[in-house]
Amino acid sequence: MTTSRQSKGFIELEWICPNCNSRNRGPVKTCQNCGAPQPEDVQFYAPAEAKVIQDENAARLASLGPDIHCAFCGTRNPANATTCSQCGADLKEGKARQAGGEVARAPETAQVTCANCGEVNPAGQTMCARCGAPLPRAGKPSAEEKPGAGAPAQGPATKRKFPAWVILGGVIAFLAVICIGVYLLFAPSKTVNATVSDVYWQTAVPLQEIQAVRYSDEAGSPPAGAYDVSCHEETQQVCVEKTIDKGNGYAEVVQECHDETTQYCSYTLDEWKTVQTFTLEGHDLTPVYARPSVAKGQRLGGEMLTLTVFFSDGRETYSYTPESLTEFQRFAVGSSWTLHLNALGGVVEVESNE
């Protein structure tokens, strides 16, 4: 499978200061809030609203590759540097940052609230437009990130999120409705004495024969026994966009495409098909089945049996479906039974009074 890769440009990443939890631009080597240096193993994130870099100088820096951390003082240096900008040491002993992995994109968030002044800022900003404080990561507010009393109300509206207790309550209510429905259908609610007024049975015997069934453009290989087979392949290009970490606070947005080929086949299969169903019915306790003649290339399918018992208490008529022929044959017409009914009037259980 051949894969093609096309660069769509570079984007600036961001990192979270482990010292103060502030959000910083990827190329910035020290935290804008507390001044702590960017750790060697810091994780870069894709901003919620990442834009392809248009500035040629920034794009050139992004394309250099992973930064090198000085082996002597730990200072972060660009990939094309040969000596440390801090201590002058030879960077041959330095350690290049990890690069090449796919960077997860942050979830789309309409706004970010400043923890310092409560100002609501667009998700793409890293510094508060009101007080200049570093903003927390979009979509991951801390416990302190609640708007202050003087925070303005304007700003894009966020999608409302329901508290966990509301969701849990909804689930419990749904389950309660299910339980009530089951109870109404299966739990006995009252009993009545009734006699068997009628019994009814119906039998069905399907007659089947081999028929040629044509299938067209089925994905995959034809099954065993297929004939008149014709197959063709269709190729479709599938593309996936990825954000690849460059190891220097930037990422390259690439589109990877590959061809996926699927085989489609048309074929004929000989299958058993029901051509006629022979039914019999009666109002006694001895069901019988039709015995149609079977020609060459034909067979009888699975026999089917339907059983129903009707009860009457002088005012209402109730129907009941026995689970087996043995049970059915207990219901002689005129025999007395106790019926256990559910809240909807359906027969749940029966007991003989004789």
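**Notebook: strands, buried residues and ring pairs**

Entry 1. I began with a bridge: Glu14 has Tyr45 as its bridge partner in β4. I note at the outset that the model is predicted. Glu14 falls in strand β2, which covers residues 14-16 and pairs with β4 in the antiparallel sense over two bridges. I then looked up the sheet around this pair. The sheet is open and has three strands in the order β3-β2-β4, with antiparallel pairing. At its edges stand β3 and β4 (44-45), each with a single partner strand, so one side of each is left without a neighbour in the sheet.

Entry 2. I turned next to strand β3, residues 23-25, where Asn24 lies. Is Asn24 buried or exposed? Asn24 counts as buried because its relative accessibility is 0%, and the cut-off for buried is under 20%. I looked up the polar partners of its side chain. The side chain of Asn24 reaches the backbone oxygen of Ser22 at 3.2 Å. A polar atom of the same side chain lies 2.7 Å from the backbone nitrogen of Gln32. Leaving aside neighbours within four places in sequence, I found Asn24 in contact with Leu13, Glu14, Trp15, Cys17, Thr30, Cys31 and Gln32. Glu14, from my opening entry, is thus one of the contacts of Asn24.

Entry 3. I looked for another open sheet and recorded one of three strands in the order β6-β5-β7, with antiparallel pairing. Its edge strands are β6 (76-77) and β7 (95-96), each of which pairs on one side only. Strand β5, residues 68-69, pairs with β6 in the antiparallel sense over two bridges. Opposite Ile68 I found Asn77 in β6.

Entry 4. I then examined Glu256, which is found in strand β12, residues 250-282. Glu256 is buried, because its relative accessible area is 17% and buried means under 20%. Which side chain does that of Glu256 join in a polar contact of 3.0 Å? The partner is the side chain of Arg5. Not counting residues up to four places away in sequence, Glu256 touches Thr3, Ser4, Arg5, Val238, Cys239, Val240 and Lys242.

Entry 5. I went on to the aromatic rings. How many aromatic pairs does the count come to? I recorded four aromatic pairs. In one pair, the ring centres of Phe311 and Phe331 are 5.8 Å apart and their planes stand at 85°, so the pair is edge-to-face. Phe311 lies in strand β14 (residues 304-312) and Phe331 in the loop between α3 (325-328) and β16 (336-341), so the pair ties together parts that are 20 residues apart in sequence. Phe311 counts as buried at 0% relative accessibility, and Phe331 is buried with a relative accessible area of 0%. I also noted a cluster in which ring pairs link Phe311, Tyr320, Phe331 and Trp337.

Entry 6. I closed with values for the chain as a whole. Its secondary structure comes to three helices and 17 strands. Of the 354 residues in the chain, 33% are buried. I also looked up how contacts are spread along the sequence: among those between residues at least 6 apart, 65% join residues at least 24 apart. The accessible surface of the chain comes to about 21400 Å², and carbon and sulfur atoms account for 51% of this area.

Note on methods
Residues are numbered from 1 along each chain as its sequence is written. This is a predicted model: local features need pLDDT of at least 70, side-chain atom pairs count only at pLDDT 80 or more; totals for chains, interfaces and linings use all residues. Side-chain values use heavy atoms; hydrogens and water are left out. Helices (H or I, at least four residues) and strands (E, at least two) are DSSP runs, numbered from the N terminus. Buried means under 20% relative accessible area, exposed over 50%, partly exposed in between (1.4 Å probe, protein chains only). A polar contact is a pair of N or O atoms within 3.5 Å; within protein, one must be able to donate a hydrogen and the other to accept it, and residues adjacent in sequence count only if both atoms are side-chain atoms. Contact means heavy atoms within 4.5 Å. Two strands pair if DSSP finds at least two bridges between them. Accessible areas come from the Shrake-Rupley method with a 1.4 Å probe; for residues, only the protein chains shown count as cover. Rings of Phe, Tyr and Trp (its six-membered ring) pair if their centres lie within 6.5 Å; planes under 30 degrees apart count as stacked, over 60 as edge-to-face and the rest as tilted.
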